[in-house]
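Me: Could you take a close look at one part of this model for me? I would like to hear about the second largest pocket and what surrounds it.

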Amino acid sequence: MGPAPPMNGALPGCVVVALGGNAIAPRGTAGTAEQQHSQIAKAMASVARLVADGGRVVLTHGNGPQVGNLLTKNLLARDVVPPMPLHWCVAQTQGTIAYAMVNALEAELAARGVSRLVIPLVSRVLVRGDDPAWLRPNKPIGRYVSEAEAADMRARFPDQSWNPSPAGWRRVVPSPEPIESLDLPAIRALLDSGAVVIANGGGGIPVVRGPDGELQGVEAVVDKDLSAARLAIELDADHLAILTDVPGVAVDYGGPNERWLDAVDTGELRHIQDQGTFGEGSMGPKVEAVLRFVEATGREATIGALERATDALRGQHGTRVVAPGRLGVGS
């Protein structure tokens, strides 16, 4: 597939927008429903500008704090009600977060005189039952607990993994690769009808296919950025935008030689990544996601700040990632 034509300041036709966790649960707050609603409303104002300017938008979002809260409720109420499996918790957070996003985005679009359906999907993502991630659970989830609480949970649920740290013990779960967005036909149909679609929230509900072909939910978390890249590739999207609380990708972030990347091709970015520059729990998955999308499609991707979403999609803000030989094209 050849590269898309240069943007020249215009919005691409179809864009997958991945919203970071800060778009939903502000850092340093308790994460009440009111706080999350307020933050989501701010995020949807940026998304509404994309839609009003003619973008065909599919939204994905994180859910780390929300799933962690549900797991904490599981822990505290385990002697009163049965704890729910992790894939159920992912599904529940997809519903609650999408509910708030739909309300806020509809209001923002109406204020701009834009009539577009906003439709959320409870979305499943296929993972492999033999993924190596099952042998090395490393995705922290939920709150820190005491050693005694962790021991009690391990006794009750022997399949769970808990890791110690100076802050306490914390559950870790596998994070297998997203193989397929199982609800892609519905996403495509809704997008083609003109709707703004919310899908693959929290990376999607992780499921495996059993020997008989039946789908089964699993105790895992799919990385939301890698899932967004998978979906963007499947949709043949024109652009992938990962919007968060920083203005782009930096080398030596916070260090004495900090350098922000404006535009970079995949070869250079892969080289920087291979040097261990980006943290696994922060910028690393975002960089890997945009690399996968650009390498698979030849099209552009951006990592940038949520409040400058439109500028990011026009190539006027953030770190613009392009295929080799495309630097300077469309600038």
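Reply: Happy to! The second largest pocket of this predicted model holds about 460 Å³ of space. Its lining is made up of 27 residues, and those nearest the pocket centre are F157, Q160, R171, V173 and E219. Sorted by class, the lining has 17 nonpolar residues, together with 6 polar and 4 charged ones.

Which elements give two or more residues to this lining? They are helix 2, spanning 64-76, along with strand 5 (139-145), strand 6 (161-165) and strand 7 (168-173). Helix 2 gives the most, with 5 residues. By their numbering, R171 and V173, two of the residues nearest the centre, fall in strand 7 (168-173).

Since you have the structure open, here is another part to view alongside the pocket. Strand 16 covers residues 300-305 and is mostly covered, with 6 of its 6 residues buried. What does strand 16 pair with? One partner is strand 12 (residues 239-244), which runs parallel to strand 16 over 6 bridges. Another is strand 17 (residues 319-322), where the pairing is antiparallel over 3 bridges.

A handy residue to select here is T302. Within strand 16, T302 is the bridge partner of A241, and T302 also has a bridge partner in strand 17, namely R320. Following A241, T302 and R320 in your viewer therefore takes you through both pairings, the parallel one with strand 12 and the antiparallel one with strand 17.

Notes. Residues numbered from 1 in each chain as written. Predicted model: local features only at pLDDT ≥ 70, side-chain atom pairs only at ≥ 80, totals over all residues. Heavy atoms only, no water. 1 Å grid on protein atoms, 1.4 Å probe; cavity = no way out; pocket = protein on both sides within 12 Å on 5 of 7 lines; lining within 4 Å. Points joined across faces, edges and corners; volume = space filled by probe spheres on them. Helix = DSSP H or I, 4+ residues; strand = E, 2+ residues; numbered from the N terminus. Nonpolar A, V, L, I, M, F, W, Y, C, P; charged D, E, K, R; others polar. Buried < 20%, exposed > 50% of the residue type's maximum accessible area, 1.4 Å probe, protein only. Pairing = 2+ DSSP bridges.
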